[in-house]
Amino acid sequence: MSIVSKPSASKIEAPKRLDLRAAIGGGIFEYAPAPESVRPEIADQYGLFIGGEFIEPISGNHFASMNPATEDTLAMVADASSADVDRAVQAARDALPAWAGLSGKNRGKYMYRIARRMQERARELAVLETLDGGKPIKESRDVDVPLAAAHFFYHAGWADKLKYALPGRDPKPVGVCGQIIPWNFPLMMLSWKIAPALACGNTVVLKPAETTSLTALRFAQICQEIGLPKGVVNIVTGAGETGKAMVEHRGIDKIAFTGSTVVGKAIAKTVASTKKKLTLELGGKSANIIFEDASLDQAIEGIIEGIYFNQGHVCCAGSRLFVQESILDRVVDKLTDRMSTLRVGDPMDKNTDVGAINSKEQLDTIERFLATGENEGATKHDVCPSTLPEKGYWCKPCFYTGVQPSHTIAREEIFGPVLAVLSFRTPDEAISRANNSPYGLAAGVWTDKGSKIFDVAKKLDAGIVWLNTYNKFDPTSPFGGYKESGFGREGGRHGLLAYCQ
Ligand code: NAP
Ligand code: MG
C-alpha cells in the first residue's frame with residue numbers, strides 16, 4: 001500500500017535517528033528501555049491525503065516538520081496551495097452522496113473501526129504526537145490519544161441515533177466541512193472535528209497546524225487501513241495560507257475553526273457574506289478561583305493541572321489564579337513547594353511534567369510576556385529547579401504575584417506555563433474580577449460549600465466551569481466559549497447541531 005509520496009532524493013535528507021537523551025545533555029539518568037523508546041515509522045516526505053490517496057502537491061513544495069525538543073527535522077510535509085484545496089474539496093464533494101446516503105448504522109461501523117484502530121496504534125500515535133509537538137509522553141499517552149479514540153467511539157454511537165439526539169427534526173448533513181485546527185492538541189482536535197462531522201453524514205477537508213501534521217497524516221493512513229470510503233476524509237497540510245484558501249473556497253458548506261481569536265475574527269468577517277455555516281473555538285484567559293474553605297492540597301494540584309498541563313498551551317488554561325485574601329500567603333508557599341518538584345525536559349521521559357515549547361515562534365511570544373510582566377511591576381517566582389537542555393525550545397514554569405487586573409499578563413492569553421496570581425475578598429468580588437475579561441472559555445471554582453459552588457458557577461461568563469477539579473475533558477460533555485472565546489459547541493449532543501442542517 002502506498003502511504004506516502006516518494007521522496008525526491010535530490011531535496012530530502014533521510015531523517016536522523018533521534019537520540020533524545022543525548023539531545024537534552026543526557027547521561028545523567030539511566031532508565032531501562034520503555035515501550036515508548038521505540039521510534040515510530042516516519043516517512044522522509046509526505047504527500048497530501050486527497051480522495052483516499054497520498055498525492056504530491058501541485059507546486060511540488062514541502063516544508064519541514066521538526067521536533068521542538070531537539071530541533072531535528074522529522075519529515076518533509078506537503079504545502080497545499082489553493083489549487084490543492086480545490087482538489088480536496090472536489091474529492092469530498094464527490095464522496096458526499098454515498099457517505100450521506102449510507103445508513104447511520106453503517107457509518108457508525110466505519111467510525112468504530114477508526115476508534116479501535118486508534119487504540120491499537122495508541123503507543124505509536126502517542127510517540128509521534130510527542131516527537132512532533134513537544135508534549136510529555138505521559139500526557140499524549142494518557143490524555144490525547146485515549147480521548148481522541150473516545151471521541152470516535154462516542155460519535156459512532158450517535159451515527160444511527162441522530163433523530164433521538166435532535167427530536168422533531170429530520171437531521172441532514174451540512175455537506176463538505178472545512179476544518180482548521182491548532183498545534184496544541186493535534187490528534188485530539190482532529191477527532192473533535194472529524195468524528196461529529198462523519199457521524200452526521202458530512203465529508204471533510206481538514207488542515208492541521210504547520211508544526212504538527214504528523215499524527216493527522218498517520219490518521220489518514222488509518223482511514224486507508226480500515227477501508228473508509230475514498231474522499232470522506234481529506235487532509236491538506238500547509239500554513240495559514242492553506243487555511244485561508246479553505247475559508248474562501250466556495251465549495252465548502254461549513255467552516256469549523258479552532259485557533260487564536262485574531263484569526264477567528266478574520267475568518268468570521270470572510271464567512272459573514274456567504275452561506276457557509278461557522279463555528280469558532282478561540283482563545284481564553286480562564287479564572288481558577290480558590291476560596292478559603294477549599295481543600296488546599298487538592299486545590300494546589302488543580303492549579304498545577306490548570307496552568308502547567310501541556311506547557312500551558314491550553315485554550316482553557318487556568319492562567320488567572322484568584323485566591324481569597326485570607327489564604328493568599330499559604331497558597332503561594334504551597335505552590336512554591338509543589339513547583340519545586342516539577343520536572344522540565346525530555347518529553348519522551350515518562351517522568352517529565354513540562355515538555356518543550358511547540359515552536360521558536362511561540363517561545364519568543366512567551367518571553368515577550370515574561371518581560372512585560374516584570375516591566376509592569378509584578379514579581380516573578382522562578383521556583384522550578386530543572387536545568388534546561390541547550391537545544392530545543394524550553395520555558396520553565398513560573399508564576400507572578402503582585403499582579404493588577406490591568407496588567408498585560410492578567411489580560412492577554414500567553415499560551416505558555418505562566419500563571420498570574422491575583423486576590424479577592426468576597427465571592428462577588430471573585431465573580432466580577434473573573435468576568436473582567438474579553439474571553440469566556442472556562443473557569444474553576446474550589447470550595448467546600450456546595451451552595452457556594454453553584455451560586456458562583458452560574459454567575460461566571462464561561463462555557464465550562466469545573467468544580468473542585470480542572471481540565472477534565474469528556475466527549476459526552478459540550479465544550480465551547482462565550483464572548484471572544486468563540487461560539488458553537490464540540491462534544492455532547494450539542495456538538496451534533498453544528499454538523500446538521
Ligand atoms: P492560530 O494561529 O489561529 O492557528 C490555528 C490554525 O489556523 C492553524 O492551523 C493555522 O495554520 C491556521 N491559520 C492561520 N492563519 C489563518 C488564516 N488567515 N485563515 C485560516 N486559517 C489560518 O492559532 P494557534 O497559535 O495555532 O493556536 C493557539 C490558539 O488556539 C490559542 O489562542 C488557543 O486558545 C486556541 N485554541 C482554542 C481551543 C478552543 O477549543 N477554544 C482549543 C485549542 C486552541 P498554521 O498554524 O499552519 O499557520
Ligand atoms: Mg513539529
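I take buried to mean under 20% relative accessible area. With that cut-off I went to strand E6 (residues 176-180) first, in what is a predicted model.

**Entry: strand E6**

I looked at both faces of E6. Val176, Gly178 and Ile180 point one way and Cys177 and Gln179 the other, and all of them come out buried. That fits the tally for the strand, where five of its five residues are buried.

Next I checked what E6 pairs with. Strand E7 (residues 203-207) runs parallel to E6 and is joined to it by five bridges; in that pairing Thr203 sits opposite Val176. Strand E9 (residues 254-258) is also parallel to E6, here with four bridges, and Lys254 of E9 is the bridge partner of Cys177. I also noted the handedness: E6, H7 and E7 form a β-α-β unit that is right-handed.

**Entry: cores**

H7 led me to the nonpolar cores. The largest one has 107 residues, and the members touching the most others are Met118, Phe219, Val233 and Ile290. Helix H7 (residues 186-199) gives this core its largest share, 10 residues. Both domains feed into the core, with at least three residues from each of domain 1 and domain 2.

I picked Phe219 and listed its contacts, skipping neighbours within four places in sequence: Ile114, Met118, Phe152, Leu187, Leu190, Ile194 and Val233. There is a second, separate core of 30 residues, and Ile409, Ala443, Val445 and Leu460 are among its members.

**Entry: domains**

How is the protein chain divided? I find domain 1 as 45-282 + 485-499 and domain 2 as 287-476. Their centres, taken over C-alpha atoms, are 30 Å apart. The contact uses 35 residues of domain 1 and 31 residues of domain 2.

**Entry: the seven-stranded sheet**

I traced an open sheet of seven strands with mixed pairing, in the order E13-E14-E15-E12-E11-E17-E18. Strand E13 (379-381) and strand E18 (464-467) are at the edges with a single partner strand each, so one side of each has no neighbour in the sheet. On average, neighbouring strands here are turned by 25° against each other, ignoring direction.

At the E13 edge I found three bridges to strand E14 (residues 398-401), in the antiparallel sense. His381 stands opposite Phe399 of E14 there. Helix H13 (residues 360-375) packs on this sheet and touches E13, E14 and strand E15 (418-424), its direction making about 25° with that of E14.

**Entry: helix H15**

I then asked what lies over helix H15 (residues 427-435). Its buried residues include Glu429, Ala430, Ile431, Ala434 and Asn435. Among the elements covering the buried residues of H15 are strand E11 (287-290), strand E12 (320-324), E15, helix H16 (450-457) and strand E19 (482-483).

**Entry: the three-stranded sheet**

Last, I went through an open sheet of three strands, ordered E1-E5-E4 and mixed in its pairing. Strand E1 (45-46) and strand E4 (62-67) are the edge strands, and each pairs on one side only. E1 and strand E5 (residues 72-78) run parallel and are joined by two bridges; Met76 in E5 is the bridge partner of Gln45.

Which helices pack on this sheet? Helix H4 (residues 122-133) touches E4 and E5, and its direction makes about 100° with that of E4. Helix H8 (residues 214-225) touches E1, E4 and E5, with its direction at about 55° to that of E5.

Terms used. Residues numbered from 1 in each chain as written. Chains lettered and ligands numbered in written order. Predicted model: local features only at pLDDT ≥ 70, side-chain atom pairs only at ≥ 80, totals over all residues. Heavy atoms only, no water. Pairing = 2+ DSSP bridges. Axes fitted to C-alpha atoms, helices over the stretch in contact; angles between N-to-C directions. Contact = heavy atoms within 4.5 Å. Core = buried A, V, L, I, M, F, W, Y, C linked by side-chain atoms within 4.5 Å. Buried < 20%, exposed > 50% of the residue type's maximum accessible area, 1.4 Å probe, protein only. Domains from an automatic or database assignment. Right-handed = clockwise from strand over helix to strand, strands pointing away.
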